[in-house]
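Q: I'm new to this structure and would like a close look at a single part of it: the aromatic pairs. Could you walk me through them and their surroundings?

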Amino acid sequence: MKKLLITAPVLAVLASLPYLGLADYYLSYLYIIFFWVVLATSWGILSGYTGYWSFGHAAFFGIGVYTTATLATQFSWPFIATIPAAALLAAVVAVLVGLVVFRSRSLRGEFFALLTLSVTFVVAAIVSNTSLDSGTGVFLSGIEIPMIGVTASGSLYLFGLIAALIALATSYFIFHSKFGQGLLAIHDDEDVAEVKGVPTFRYKLFSFAVSSALAGGMGAIHAVYVGYVTVGETFAVTVPLYVVLMSILGGARHWAGPAIGAAIITVLQSAIVSGAHAEFGRAGVALALIIVILVLPSGIVPSILRKFADKRSGLGGSDRITQVAAHLSPATNGSSSPVLLKCEDVTKSFGGLRALNGVTLDVQRGEILALVGPNGSGKSTLINMISGHYAMTSGTITLEGEQISGKSPHQIAQSGIARTYQIPVCSIISRSLRTCGSVRSSVA
């Protein structure tokens, strides 16, 4: 309620500016801030929350730009109808890319960044070599703009404001949802998040779609704002670079961080770079940003929140994953069967090396069972079989009579089995099943 009381007057003032006679120059200036706020916030929903850094945001922004350019000029669609179409097309392309990329465990980190960058070049090549652009650019100056403001500039300003509010609201609700906590758990440790019950593939795919839809919708608005679009400007590498820099500066892992970073960098650029010594101004901005990033590596917003002891934002990685698991884990089944977990003839081979050779065991309800053996005997491998982290070569594993072998780790976790990591004494399987991971020289 307190947040609403603070933000409502600010939003009311921003929404009324076009009707108060504010000069078009200042409306355009504020529009540019909204533009970067949307792009930076949309990037944060994917890359800030999950840790999958994208350098291909220009691709989805560009899809939005050329969707509006094509529909409005070649098919005479009204401008406002092209905005959801642009957002939808960008989201569809993102889902198609994600269906391929997110299934591969090797396409993380720098490989994901490079792949998304290559998507930008592919989309740009398609646009420039087809009737969408044909290498000459597209004029949109004749597009009719719905007059929701007093002037055309005022109307575009309001479209930018609405887009920024939608982006911020989306990021806020994701950040404070179970879905958002799952994305942050993926950022901390994706493998652990999966075996704790987070459906990582589905979460990443949806995050990618939402992020791209926001970028595509903003691209649709910006196409009409600039009035003339070209492939070189639309798909320039400076777009994702600025977006990444803004998000890191403000704090990519907080819902408001990218927006704060976008506003700061846009204002600094306008105040310093547009002066008489533009080159020195750019160098000054870059140096200031480097200093801020070195002093506040997690970004401005998270650093300020920690300084003022906001304990809710201080969850560590394992705490966050445990919290997500608590949301996703089901209630204990009331079955009366004495056998809780059953492994039958479990075998695992890594190439020519057989780590497990027909392991069979039963775990009774309420029983504490220890696996004791020397290093390399297959204790951790068996735990990984039960939790779904490794796929079995042969055999079956059942939980309360239901086969769980062959399921994905998050499905097994949602059935009631989970494990901990980096605990030297034991790995824990839920429902009172505890299996010791290693016993040192005292048992050797």
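**A close look at the aromatic pairs**

A: Happy to! There are 22 aromatic pairs in this structure, which is a predicted model. Two of them make a good starting point.

Let's begin with Trp36 and Tyr242. Their rings form a tilted pair, with 5.7 Å from centre to centre and 55° between the planes. Because Trp36 belongs to helix α2 while Tyr242 belongs to helix α11 (residues 238-250), this pair ties together parts that lie 206 residues apart in sequence. As for how covered the two residues are, Trp36 counts as buried, at 12% relative accessibility, and Tyr242 counts as partly exposed, at 29%.

Next come Trp43 and Trp53. Here the ring centres are 5.4 Å apart and the planes stand at 80°, so this pair is edge-to-face; planes over 60 degrees apart are classed that way. Trp43 is in helix α2, and Trp53 is in the loop between α2 and α3 (57-74), so the pair ties together parts ten residues apart in sequence. Trp43 is buried, with a relative accessible area of 0%, whereas Trp53, at 33%, is partly exposed.

You can also look for a cluster of rings: Tyr52, Phe60, Phe102, Phe112 and Phe208 are linked by ring pairs. One of these, Phe60, leads us into the wider surroundings. Phe60 is among the residues with the most contacts inside the largest nonpolar core, along with Leu39, Tyr66, Leu140, Met218, Ile221 and Val229; this core has 83 residues. Helix α2 (residues 24-50) supplies the largest share of the core, 14 residues. To see one spot in detail, pick Leu140: leaving aside residues up to four places away in sequence, Leu140 touches Thr68, Ala69, Thr73, Ala223, Val224, Gly227 and Val229. Another core, of 16 residues, lies apart from the largest one and includes Leu340, Val346, Leu371 and Ile386.

One more ring is worth a visit. The charged end of Lys348 sits over the ring of Phe350, 5.1 Å from the ring centre. If you follow the chain here, you are in strand β3 (residues 339-350), which pairs with strand β5 (residues 394-399) in the antiparallel sense over five bridges. In one of the matches, Leu341 has Leu399 of β5 as its bridge partner. Helix α16 (residues 379-387) packs on the sheet and touches β3, β4 and β5, and the direction of α16 makes about 115° with that of β3. The sheet itself is open, with four strands in the order β4-β3-β5-β6 and antiparallel pairing.

Terms used:
Residues are numbered from 1 along each chain as its sequence is written. This is a predicted model: local features need pLDDT of at least 70, side-chain atom pairs count only at pLDDT 80 or more; totals for chains, interfaces and linings use all residues. Side-chain values use heavy atoms; hydrogens and water are left out. A nonpolar core is a set of buried Ala, Val, Leu, Ile, Met, Phe, Trp, Tyr and Cys residues joined through side-chain atoms within 4.5 Å. Buried means under 20% relative accessible area, exposed over 50%, partly exposed in between (1.4 Å probe, protein chains only). Helices (H or I, at least four residues) and strands (E, at least two) are DSSP runs, numbered from the N terminus. Contact means heavy atoms within 4.5 Å. Rings of Phe, Tyr and Trp (its six-membered ring) pair if their centres lie within 6.5 Å; planes under 30 degrees apart count as stacked, over 60 as edge-to-face and the rest as tilted. A charge sits over a ring if NZ of Lys or CZ of Arg is within 6 Å of the ring centre and within 35 degrees of the ring normal. Two strands pair if DSSP finds at least two bridges between them. Axes are lines fitted to C-alpha atoms, for helices over the stretch in contact, and angles run from 0 to 180 degrees between N-to-C directions.
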